Each structure stands twice: as structure tokens, then as C-alpha cells.
Amino acid sequence: MSKKKQAELSEEKDWKRIDDAVVGSERFIEKYQKQLLIGIGAVVVVVCGFLGYNHFIVKPKAEEAQMAIYKGQQYFGAGQDSLAVFGDGNGYVGFESIMDEYSSTKPGKLAKLYAGICYANMGQYEKALDYLKGYSGSDEIVSHLVNGAIGDCLDNLGKKDEAVSYYIKAAKGVNNESQSPILYKKAGLIYRDLGQYDKVIEIFTTVKNQYMKNTQAFMEADKYIEEATILKNKK
């Protein structure tokens, strides 16, 4: 048999296999058409349901929450913490109500953070800790700064060691020239009060080495390192 004839026969067999596969697929579809349609329909329902839920429920809820929190942000900025938390009796319901009613939205979570800071400003540090530790926003910088606020509450409650750990965690987390030196300084001053001068030197050496562009922080670091070295040698 010639090579040409063999090639033709091979090609015919290939086409037959393809035809058989197509016929088999058609029979499979015919046999399970109902189940396949149900399955496809279920997927469509789920997808449409998800899109509809986000469009008609989640998005309007978030917009509503944003409108609700706006007045509270103004009170917060003006230092009127009690009005910001509890409302003004004139349409604005307060961070407490907003965080409960809109807990699944970003503004609702933000209201919880605001409430925590307001309680800290009012000297209710235990209450503030409950709210701050319960904050679960997605913004990493804000989350790190929350650790700093938690450190402030713990410091005011006399829980110095815990406060230091939160300050250092926050400083490392934000890792920028403006906020990190402030947070490290708070930790360093606690170590200074506790007489742990090696820790003071360690903290302010970190500030000096990592945030030298912040001239004020750099100069303060030198001052505290020198002071701690003198006090350490007097022991």
C-alpha cells in the first residue's frame, strides 16, 4: 500500500474518532440535559444573586452609613467626643448607633474606631480598649496606628509593659519618618521611667539610625541616648 493511501486511511480513522467523540458528547448532553441545565441555572442564580446583593443592598447600605457618620466626624474633629459618640438629638445618632446598625460596612467599622478614640479622650480607657481591639478595618496604616492608640490606653491604665509592646508594634508597622519616631519615643520614655536604660538606648538608637531625615527626632534621640548612658553609669 502506498504512503499516500496509508495517510488517507489514517486521516479517515482520525475523523471517525472525532465523529464518535462528538456523537458521544451529544448523547451525553441529551441524556443529562436536564441536570446540566439545572446546574448552569444554579450558577447563574448564585452569580446574579451575589451581584444583586452587592448592588441593591451592600452599596446603598454603605452610602447610607457614610452619610450617617459625616456629622460625627465633624464633632470628633471639633473635640466634642460625647456628641460624636452618643448623638446630638437632632438627627445625628452617634458612633455607637452607627457601628451597630452598619457593622458590615467600612463606615460602620470606622465608627467603632472613632468611638474607641472618643472614649479614650474621655478617660474611659477600658471601654476604649474594647472598641479599639475590636476594630477590623482593611487599611493597614490605620490598623497600625490603632495599636498606638491601644498603647496610650494601656499606658494610662498603668500597664506599662503591655503599652510598650503596642507602641513598638505600631512604630514598626507604619514605618515612616513622621509617626514611627513618635511611637518609638513613647516606648522609650516608658523604659526611661522604669529605669531600663539599656532599652532606652536601644529604642532611640533605632530612631536615630532609621529615621535620620526627621531632624527633630534625630536630635531628641541623641539627647535621650546621652541621658540614659549617664543614668546607667550612675547605677
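**Entry 1: salt bridges, first count**

I started with charge pairs and found that the structure holds 6 salt bridges. A reminder to myself before going on: this is a predicted model. I picked out some of the pairs and looked at each one in turn.

**Entry 2: Asp-155 and Lys-160**

I looked up Asp-155 and found it in a salt bridge with Lys-160. The closest N and O atoms of this pair are 2.5 Å apart. Then I asked myself: is Asp-155 buried, partly exposed or exposed? Its relative accessibility is 22%, so I noted Asp-155 as partly exposed. Lys-160 also goes down as partly exposed, because its relative accessible area is 30%.

**Entry 3: Glu-227 and Arg-192**

Next I checked Glu-227, whose side chain meets that of Arg-192 in a salt bridge, 2.6 Å from N to O. This pair links distant parts of the chain, with the two positions 35 residues apart in numbering terms. I placed Glu-227 in helix H11 (residues 215-234) and Arg-192 in helix H9 (residues 179-193). For exposure, I wrote down 27% relative accessible area for Glu-227, which means partly exposed. Arg-192 comes out at 29% relative accessibility, so Arg-192 is partly exposed too.

**Entry 4: Lys-208 and Asp-222**

I then turned to Lys-208, which forms a salt bridge with Asp-222. Here the closest N and O atoms are 2.6 Å apart. Which parts of the chain does this pair tie together? Lys-208 lies in helix H10 (residues 197-210) and Asp-222 in helix H11, so the salt bridge ties together parts that are 14 residues apart in sequence. I recorded Lys-208 as partly exposed, because its relative accessibility is 25%. Asp-222 has a relative accessible area of 31%, so I recorded Asp-222 as partly exposed as well.

**Entry 5: a charge without a salt bridge**

After those pairs I wanted to see a charged residue without a partner, and I settled on Glu-96. I found Glu-96 in helix H4 (residues 95-101). Glu-96 is buried, yet it has no salt bridge. How far away is the nearest side chain of opposite charge? That side chain belongs to Lys-127, and it is 4.5 Å away. The cut-off for a salt bridge is 4 Å from nitrogen to carboxyl oxygen, so I could see why Lys-127 at 4.5 Å is not counted. I did find a polar contact for Glu-96: its side chain is joined to that of Tyr-131 at 2.7 Å.

**Entry 6: the overall fold**

I stepped back to the whole chain and counted 11 helices and 0 strands. Read along the sequence, the pattern is α-α-α-α-α-α-α-α-α-α-α. Of the 235 residues in the chain, 29% are buried.

**Entry 7: the largest pocket**

I looked for pockets, and the largest one holds about 200 Å³ of space. Its lining includes Gln-66, Ser-104, Lys-106, Tyr-135 and Asp-139. Which helix gives the largest share of that lining? It is helix H5 (residues 106-121), with 4 residues. By type, I sorted the lining into 3 nonpolar, 5 polar and 3 charged residues.

Two other lining residues, Ser-138 and Lys-109, caught my attention. Ser-138 lies in the loop between helix H6 (125-133) and helix H7 (140-156). Its relative accessibility is 61%, so Ser-138 counts as exposed. From Ser-138 to Lys-109 I noted 29 residues in sequence and 9.6 Å in space, C-alpha to C-alpha.

**Entry 8: the loop before helix H9**

I checked backbone angles and stopped at Asn-175, which has a positive phi of about 45 degrees although it is not a glycine. I made a note of it because most residues other than glycine have a negative phi. Asn-175 is found in the loop between helix H8 (160-174) and H9. With 49% relative accessibility, Asn-175 is partly exposed.

A little further on I looked at Ser-180, which is found in helix H9. Is Ser-180 buried or exposed? Its relative accessibility is 0%, so Ser-180 is buried. A polar atom of the Ser-180 side chain lies 3.0 Å from the backbone nitrogen of Asn-176.

**Entry 9: Thr-206**

My last stop was Thr-206 in helix H10. I noted a relative accessible area of 21%, so Thr-206 is partly exposed. Thr-206 and Phe-218 are 12 residues apart along the chain, and their C-alpha atoms are separated by 9.9 Å.

Key:
Residues numbered from 1 in each chain as written. Predicted model: local features only at pLDDT ≥ 70, side-chain atom pairs only at ≥ 80, totals over all residues. Heavy atoms only, no water. 1 Å grid on protein atoms, 1.4 Å probe; cavity = no way out; pocket = protein on both sides within 12 Å on 5 of 7 lines; lining within 4 Å. Points joined across faces, edges and corners; volume = space filled by probe spheres on them. Nonpolar A, V, L, I, M, F, W, Y, C, P; charged D, E, K, R; others polar. Buried < 20%, exposed > 50% of the residue type's maximum accessible area, 1.4 Å probe, protein only. Lys, Arg positive; Asp, Glu negative; His and termini not counted. Polar contact = N/O pair within 3.5 Å; in protein donor to acceptor, adjacent residues only side chain to side chain.
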